[in-house]
Amino acid sequence: MGVGIRIVTQIRRDGRGERESPRKARFVAALPGFLPGSSPAPESRGWPYGGPAAAMVASSGGYLKGFDVELPEEVVKRARELEFGEELLEWLGRSKAFRESVERVIDEFPRWRSVVVDLSELDADAAMWVARHSEEVEELVREVAVALVEPYRPEVDGGQLVVEFRESPLEVEVDDVGIRFTDQLVTVEGIVRRVVERKARVEWAVYKCPRCKRTFRSTRDDLDRVRCPRCGREGIPEEIRLFDCRRIVLQELPEEAGDQPRTLEVLLPDELSYRDVRPGDRVRITGRPRVCLTGVPRPDDEFEFSLEACGIRRLSDPRPELELSREELEEILEMAESDPLERVTELIAPHLYGLGTIKRATGLQLFSCVPERGRARERVHILIVGDPATAKTQLLQYVAEELAPKGVYVSAQHVTGPGLTAAAVHTEEGWVLEAGPAVLADGGLLAIDELDKASKDDLNAMLEAMESGKVSVAKAGITATLNARCAVLAAANPEAGRWQGDHPIEEINLDPALLSRFDLILPTHDRPEPERDERILEAMASAHEEEPERAEERELLRKYVAHAVQHYDRVKMTDEALEIIKEWYLGWRERCADLLDRGEIRTVPVTRRQAGAALRLARAHARMRLSEEVEEEDARVATELMDHYIKNVLKDPDTGEPDADTLETGSVKSRREARRLVLRTLRRLAEEHPNGVPKRELVKKLKHRIPRELLEEALRELKRESRVVTPRPECYLPAE
């Protein structure tokens, strides 16, 4: 903009200057503490609300009873000309949201400038009328709010107050916003996907024609047409109106999204642009749908929709709200009183035969997605590793999309942009903060397929999300911490594609630090078994003919999970249950205590990580029973599942003993000992062979202590980790 342009940032919305109201009417609303004929002291703060307001419109006299404030006569006249105008004024005196917001303006102006109109407090007909005539109502409410605030804040004028609408009766989904709702108030609920930094935007501009000297005004809808309407000469800007704005991208809820989640661009103007909104937040936005026009419209042009926000409410609970009928609640209680774990296992992907242990663990995981209090983690993380064609992908999709009240499925092989967590992304508008799947699944379950195909940076970011439920972003001047309180159900393939040996941990191509975050690592195998293969084929064939009862059972299980995690999130551990887990943990620890003391072994069978997993599984099973206490039954289910994990995954194939260190280091004890012995021997022989220890010398020294295959493998691993160098072919030296 050129020199001499006047920039206006705080004016009345109707564009006028100081309010002129020579004729005034009396506006009163019957609230305790205000007597007719007296004026409240400007220096007072707050209103002494003692009970519900009982505002009434006077039948005669042209005034409203209650507040001793003055309202412009044209405002009262305008209200009476509207269909629901008088009812609206009467309702404002009773509205709790309106009264509290006006009081907050008095106390916190200019930091808070919004007066709230909650349409859920109105009856259905009046609320629908307001939704369709919101611009007229907005001006009326602003005038009323100014009259109430001015005795306390004389510096406030109408242009400084923002009317914030909430909870429109026209509640639509993200994908339903269209032409038919243009200029009407609608309420949309969704997940914030992207947040753009705050900017200044032009609302209108005043131009002067250099030829005929006429001034004319252009709004933000026609800023491209800035020519003089009389002579057609291009105008020179003299005055512009700017307002704060921030754009966000709203994505439809995970529980409602299909294969391709829909998104909607939302403009947060004025006061709303300062609200604390972060990627991953679940919000309800009330606003007016707009068509994003670019340039002069021509036939066959297509334009995007956006939503101009008039109100925003950030939901404290990221999970969807639950609605249960009496019949559904009775069915859920009946299911919980029997053997709920077996029943839930049957309902998890019934078209997939087998996978009993994995389905049991996944069923418990669904009941672990609760809000956490304190530092103890409640969420259960599970990793499924196995041969191809063992239904890992189908299981993940079924659990995330059909059973979890809030679930997000993603294939790490195709992850782009913010990856699995969140990132600062550079766009045409600059750097913006964008949420990834872990943030979008906050409060629910995140299913990650092909985890071994994810990038190293994404996997490192998942460490923080899985342990603390947070994601930290610090890039390009953007520093933020986002919530990612989700249970992770992941699937991966062995490093060679199929299992090659007897120890799963060594064949999983993932960092040991990430592996240790999983409470359970469950392997799957594809072995030819005629009877089992026949049943798998029969289950696959029946999947094409699903009965309607199956869909009803699936929906009931989804509501069962939602009911349990919402109403039984705080379960307490009984002394009897704690004693069982204590005996289980100490039993494993004491099993090798004597051998550890004598130095005969260097393995630890279980660590506190496995103890924490047992506690989480026991609490999840108690929640599944709709119990507020963890009892002996819950502890036994948890310890049996942990025993299966320890005996089948955390074991040394050479000794058969449990070895929890494999989870922390990524290799079994025999291989760790071989690497340690090879490295120690190389250091000793390097004194005799400073130019490189020949391989034959190393084999000769260790032939009675390490098998040749294990020695070769140890040399390859040490070389890959740059702990051993090869100055000459078939010669080795320690790198240190």
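Tutor: Let's start with a definition: a residue is buried under 20% relative accessible area, exposed over 50%, and partly exposed in between. Keep in mind that this model is predicted.

Student: Why is Glu-628 called exposed?

Tutor: Its relative accessibility is 54%. The cut-off for exposed is over 50%, so Glu-628 counts as exposed. You can find Glu-628 in the loop between helix 17 (608-624) and strand 26 (629-630).

Student: Which negative surface patch does Glu-628 belong to?

Tutor: Glu-628 forms the patch together with Asp-575, Glu-576, Glu-579, Glu-583 and Glu-629. Members of a patch need over 30% relative accessible area and no salt bridge, and the 54% of Glu-628 meets the area condition. Helix 15 (residues 575-591) gives the largest share of the negative patch, 4 residues.

Student: What makes Arg-680 partly exposed?

Tutor: The value for Arg-680 is 43%. Partly exposed is the range between 20% and 50%, so Arg-680 is placed there. Arg-680 sits in helix 20 and joins Arg-684, Lys-700, Lys-701, Lys-703 and Arg-705 in a surface patch of positive charge. At least two residues of the positive patch come from helix 20 (669-685), and at least two from helix 21 (695-702).

Student: How do you know that strand 6 is largely enclosed by the rest of the structure?

Tutor: In strand 6 (residues 114-118), 5 of the 5 residues are buried, so the strand is largely enclosed. In a regular strand the side chains alternate between the two faces of the sheet. Here both faces are covered, with Ser-114, Val-116 and Asp-118 buried on one side and Val-115 and Val-117 buried on the other.

Student: What makes strand 6 and strand 7 a pair?

Tutor: Two strands pair when there are at least two bridges between them. Strand 6 and strand 7 (residues 162-166) have 5 bridges and run in the parallel sense. Within strand 7, Val-162 stands opposite Ser-114.

Student: Why are strand 27 and strand 28 said to stand at the edges?

Tutor: Their sheet is open and has 3 strands in the order 27-29-28, with antiparallel pairing. Strand 27 (693-694) and strand 28 (724-725) each have a single partner strand, so one side of each has no neighbour in the sheet. The pairing of strand 28 with strand 29 (residues 731-734) rests on 2 bridges, and the requirement is at least two. Val-725 has Leu-733, in strand 29, as its bridge partner.

Student: How do you know that Arg-313 and Glu-167 form a salt bridge?

Tutor: The closest N and O atoms of Arg-313 and Glu-167 are 3.0 Å apart. The limit is within 4 Å, so the pair counts. The two residues lie 146 residues apart in the chain, with Arg-313 in strand 15 (residues 304-314) and Glu-167 in the loop between strand 7 and strand 8 (171-172). Arg-313, at 31%, is partly exposed, whereas Glu-167, at 17%, is buried. Both belong to a network of salt bridges that also links Glu-171, Glu-189, Arg-282 and Arg-284.

Student: Why are Arg-326 and Glu-330 about one helical turn apart?

Tutor: They are 4 residues apart in helix 6 (residues 326-337), which gives a separation of about one helical turn. The closest N and O atoms of Arg-326 and Glu-330 are 3.8 Å apart, and the cut-off is within 4 Å, so they form a salt bridge. At 67%, Arg-326 counts as exposed, while Glu-330 is partly exposed at 46%.

Student: What makes Arg-377 and Asp-519 buried?

Tutor: Arg-377 has a relative accessible area of 12% and Asp-519 has 4%. Buried means under 20%, so both are in that class. Arg-377 and Asp-519 form a salt bridge too, with the closest N and O atoms 3.1 Å apart.

Student: What makes the phi of Ala-349 worth a look?

Tutor: Most residues other than glycine have a negative phi, and most peptide bonds are trans. Ala-349 has a positive phi, near 45°. Ala-349 lies in the loop between helix 7 (340-347) and helix 8 and is buried, at 0%. Leu-355 also has a positive phi, near 55°, and its place is in the loop between helix 7 and helix 8. As for peptide bonds, the one from Phe-109 to Pro-110 is cis, with omega near 5°.

Notes: Residues numbered from 1 in each chain as written. Predicted model: local features only at pLDDT ≥ 70, side-chain atom pairs only at ≥ 80, totals over all residues. Heavy atoms only, no water. Patch = residues over 30% accessible without salt bridge, like charges linked within 9 Å, V, L, I, M, F, W, Y side chains within 5 Å. Areas by Shrake-Rupley, 256 points an atom, 1.4 Å probe, with all protein chains shown as cover. Salt bridge = Lys/Arg side-chain N within 4 Å of Asp/Glu carboxyl O. Lys, Arg positive; Asp, Glu negative; His and termini not counted. Charge placed at Lys NZ, Arg CZ, Asp CG, Glu CD. Buried < 20%, exposed > 50% of the residue type's maximum accessible area, 1.4 Å probe, protein only.
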